[in-house]
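I opened my notebook today to look around a structure, one small search at a time. Come along and check each entry against the picture.

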Amino acid sequence: MTRPLLAIDGDSLAHRAYHALPKTIRRAEGRPAGAVLGFANMLTRLWQTEQPRAVVVGWDTLDEPTYRHEAFAPYQSGREFDADLLEQLPLLPTLAEAFGFACAKAAGYEADDFLAAAAAFEEGRGGETVVVTSDRDAFQLASKRTTILQPVRGVSELTRIGPAEVRERYGVEPAQVADFIALRGDPSDKLPGARGVGPKTAADLLRRYGTLEAALDDGRFAAQAEELRLYRRIATLDASAPLPSLPDRSPTWAEASTLASSWGLGQLAGRLEEAASSSS
């Protein structure tokens, strides 16, 4: 059986873990630990259920703008994160690396750009990819070789999204998702979309024209043409994002256990130590 590459949106899972677990969970010195614990649990569960050949976790760079922010000032504006979450976010790449998982982060790129790069890399070598994210922009990656795992309830329940599910949900093909977002808009990213166009009209237009560009060439949305092209560019994941080396690799449970213990997370350390003993 082919073992897939597992590509994880680290920020997406971190936010879900933080909001899914009680804020009373603490590590050493009384510091918050819900996001750390939930994220570790999710990494462990994903490895056990997917049995990947390797894992890569993509991360946003919160303190530097991407080309999306520079091209469209309102992009993702107004987002605010709890101080306890911000305190934990820098720990999570260290935790992922202690698991033996590769991390991808670079100025100018978002976490889901690395997911696109990972899927393109793995498809190029004839492999399969499982992409874990709650960001529906990633639906554009769905293919015969790439499946999206979307959290639907905290971090405990996941649903699998392939091309058929994209068609069922949006009424378009995965390759049309960026065009669909440009037309429909995306409130979470502050993309307004085409005036007067909702999901049904956006899907109908793409079934008729195939692409946003073809609709614009036919004279549709003439007053908004350049805006819509910009929205499509913003919605398109950048598969040129730089990836680390991704050889086959098993988890380093013992190293992760040691790190969890140093953070005062004894129960997590114990579970990871058990995983280390089982794997050996």
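**Entry 1: rings**

How many aromatic pairs does a search of the whole structure find? I ran the search on this predicted model, and it came back with 8 aromatic pairs. I then picked out W47 and F101: their ring centres are 6.2 Å apart and their planes meet at 20°, so I wrote the pair down as stacked. The cut-off behind that word is under 30 degrees between the planes.

Next I looked up where the two rings sit. W47 belongs to helix α2 (residues 34–50), while F101 is in the loop between α5 (91–98) and β3 (102–104), so the pair ties together parts 54 residues apart in sequence. Are these two residues buried or exposed? W47 is buried, at a relative accessible area of 7%. F101 is buried as well, with 4% relative accessibility. I also followed the ring pairs onward and found a cluster that links W47, F99, F101 and W253.

**Entry 2: charges over rings**

I then searched for charges sitting over rings. R184 has its charged end over the ring of Y170, 5.6 Å from the ring centre. For R220, I found the face of F221 beneath, with 5.7 Å to the ring centre.

**Entry 3: the whole chain**

Time to step back. How many helices and strands does the chain have? I noted 13 helices and 6 strands. The radius of gyration is 20 Å, close to the 19 Å that the globule rule gives for 280 residues, so the chain is as compact as a globular protein of that length. Along the principal axes, the C-alpha trace spans about 65 × 45 × 30 Å.

I looked up burial too: 51% of the 280 residues count as buried. The accessible surface comes to about 12,700 Å², and carbon and sulfur atoms hold 49% of that. For contacts with a separation of 6 or more, I found that 69% are between residues 24 or more positions apart.

**Entry 4: a run of strands**

I started from strand β4 (residues 129–132). Which of its residues point one way, and which the other? T129 and V131 point one way, V130 and V132 the other, and all are buried.

Then I looked for the partners of β4. Strand β1 (residues 5–9) runs parallel to β4, joined by 4 bridges, and L5 stands opposite T129. Strand β5 (residues 146–153) also pairs with β4 in the parallel sense, over 4 bridges. Here I found V130 opposite T147, and V132 with L149 as its bridge partner.

From β5 I moved on to strand β6 (residues 157–161). These two run antiparallel, with 5 bridges between them. One residue pair I jotted down is P151 in β5 with L158 in β6.

**Entry 5: helix α8**

How many residues of helix α8 (residues 177–184) are buried? I found 7 of the 8, so the helix is largely enclosed by the rest of the structure. The buried ones are V177, A178, D179, F180, I181, A182 and L183. I wanted to know what covers them, and the cover includes α7 (163–170), α9 (199–209), α10 (212–217) and α11. Just after α8 comes G185, with a positive phi of about 90°.

**Entry 6: two single residues**

First, A14, which I found in helix α1 (residues 10–20). A14 counts as buried because its relative accessibility is 0%, and the cut-off for buried is under 20%. Which residues touch A14, leaving aside its neighbours within four places in sequence? They are A35, F39, L85, L89 and L92. I also checked A14 against M42: they are 28 residues apart in sequence, and their C-alpha atoms are 9.5 Å apart in space.

Then S240, in the loop between α11 (225–235) and α12 (253–262). Is S240 buried or exposed? At 51% relative accessibility, S240 counts as exposed, since the cut-off for that word is over 50%. My last look-up was the separation between the C-alpha atoms of S240 and F121: 9.7 Å, with their places 119 residues apart along the chain.

Notes:
Residues are numbered from 1 along each chain as its sequence is written. This is a predicted model: local features need pLDDT of at least 70, side-chain atom pairs count only at pLDDT 80 or more; totals for chains, interfaces and linings use all residues. Side-chain values use heavy atoms; hydrogens and water are left out. Buried means under 20% relative accessible area, exposed over 50%, partly exposed in between (1.4 Å probe, protein chains only). Two strands pair if DSSP finds at least two bridges between them. Rings of Phe, Tyr and Trp (its six-membered ring) pair if their centres lie within 6.5 Å; planes under 30 degrees apart count as stacked, over 60 as edge-to-face and the rest as tilted. A charge sits over a ring if NZ of Lys or CZ of Arg is within 6 Å of the ring centre and within 35 degrees of the ring normal. The radius of gyration is taken over C-alpha atoms; the globule rule is 2.2 Å times the number of residues to the power 0.38. Contact means heavy atoms within 4.5 Å. Accessible areas come from the Shrake-Rupley method with a 1.4 Å probe; for residues, only the protein chains shown count as cover.
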